[in-house]
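This report considers the cysteines and the nonpolar interior of one protein model. The structure is shown first.

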Amino acid sequence: MVVHNPNNWHWVDKNCIDWAKKYFEERLVGLATGEATEALYARISKLSSLEGDCEVNQRKGKVISLFDLKLNLGIEGHVNDEKWEGSITIPEVAFDSDPEDYQFDISIFKENSKLSEIKPVIREKLIPQLRDIFSNFGKELLLTHANDIQVSSDKVTSEFTKSNQQSSFQNVASTGTPLKKESSSSSSAAGGKKSETSSSTGDSSQKASNSNTPKYNTTKLHLESSFQVPAVELYNTFIEKPRIEAWSRSPIQPDPSSGKLGSGSKLELNDTFKLFGGNITMKLISGEPGKNLVFDWRLNEWKQGHYSQLSMEFHESQEYHETKLIVNWSGIPIGEEDKARGNFEEYYIRSIKLTFGFGAIL
């Protein structure tokens, strides 16, 4: 990163969100509660999503880090011979957070009384490892990127900014690790484990119907919600046209540009339609009854041809008489995350529960 900033006087910032994603993938994926041969076992399988801001800034020679991140981690394991999957959501990892401030929301998909036994093990053996990594993140961020946003001290003539710069260097170097430039080969993951995932926050690639259409810099969202209804019923709520029109409170409109919307009572593959007065366009890409659905999804105000991909999984717990809806949503333009999340929670999740009585409304 080239810096033209005489005496390091002016404000300079560097966006480090992609580096943060790589950092957490390498250090978190593979962390486990113990050996896989143990009766109660859990491991982090992937970084499902990372949202928020992550920057290193400098002004008048002083270097600081500013970050406020939300993470969702995929987890898996077994309780005796029964395998399970789930997630851990960390609502906030921020530059001013203390280790005890971190909150961990543990979710076990298809949970029952037997699988619930894994939660205390996760809290005892896995959560402390996460706290340590999050606590060190700010130091590692500065160690890697502080030099990139400053003119070297031998080119600084102002004694004021030079003093600030030296003070910042000493504060960062006090961790015992020398300042270094970011390299193409990242440091190895904790315990020598490497990430096996390839998902990306800030991913500029997104699935659209036309590869030549304008691209945004995009990000991902992860949402979860529980419904007191069998999985197949919740699946049908997203696939049967009368139900869609009931919870959306709007007629299903054909998309004139696609010319494909079947006349049956259920959506068919490649059906493309508009909802909410034409503000939303959706295209059914795939579906397995009671298991999963995938839609291409776009706001009408987005650039023509740009689609995000809305992937929904249905995990039914027969013992608890509920289905967890797991949403992994990719290709959302950066800056649109809060709007997308808020609208989905209000006009999809909340509206479905109100319309059909499928669960408590918070």
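## Cysteines and disulfides

The model is predicted, and a search of the whole structure finds zero disulfides. A disulfide is a covalent bond between the sulfur atoms of two cysteines.

Cys16 illustrates the absence of such a bond. The cysteine sulfur closest to that of Cys16 belongs to Cys54 and lies 5.3 Å away, which is too far for a bond, because a disulfide requires the two sulfur atoms to be within 2.5 Å. Cys54 is likewise in no disulfide, its nearest cysteine sulfur being that of Cys16. Cys16 counts as buried, with a relative accessibility of 1%, and Cys54 is buried with a relative accessible area of 1%.

## The largest nonpolar core

In soluble globular proteins, nonpolar side chains tend to be buried together. The largest nonpolar core in this model comprises 42 residues, and Phe24 and Ile88 touch the most other members. At least two residues of this core come from each of helix 1 (17–28), strand 2 (40–59), strand 3 (62–79), strand 4 (82–94), strand 5 (105–108) and helix 2 (118–145). Helix 2 gives the most, with eleven residues.

## Surroundings of Ile88 and a second core

Beyond its neighbours within four places in sequence, Ile88 is in contact with Leu71, Asn72, Leu73, Ile75, Phe104, Asp105, Ile106, Ile122, Leu126, Ile127 and Leu130.

A second core, separate from the largest one, has 37 residues. Among them are Ala231, Phe276, Leu299 and Tyr348.

Note on methods:
Residues are numbered from 1 along each chain as its sequence is written. This is a predicted model: local features need pLDDT of at least 70, side-chain atom pairs count only at pLDDT 80 or more; totals for chains, interfaces and linings use all residues. Side-chain values use heavy atoms; hydrogens and water are left out. A nonpolar core is a set of buried Ala, Val, Leu, Ile, Met, Phe, Trp, Tyr and Cys residues joined through side-chain atoms within 4.5 Å. Buried means under 20% relative accessible area, exposed over 50%, partly exposed in between (1.4 Å probe, protein chains only). Helices (H or I, at least four residues) and strands (E, at least two) are DSSP runs, numbered from the N terminus. Contact means heavy atoms within 4.5 Å.
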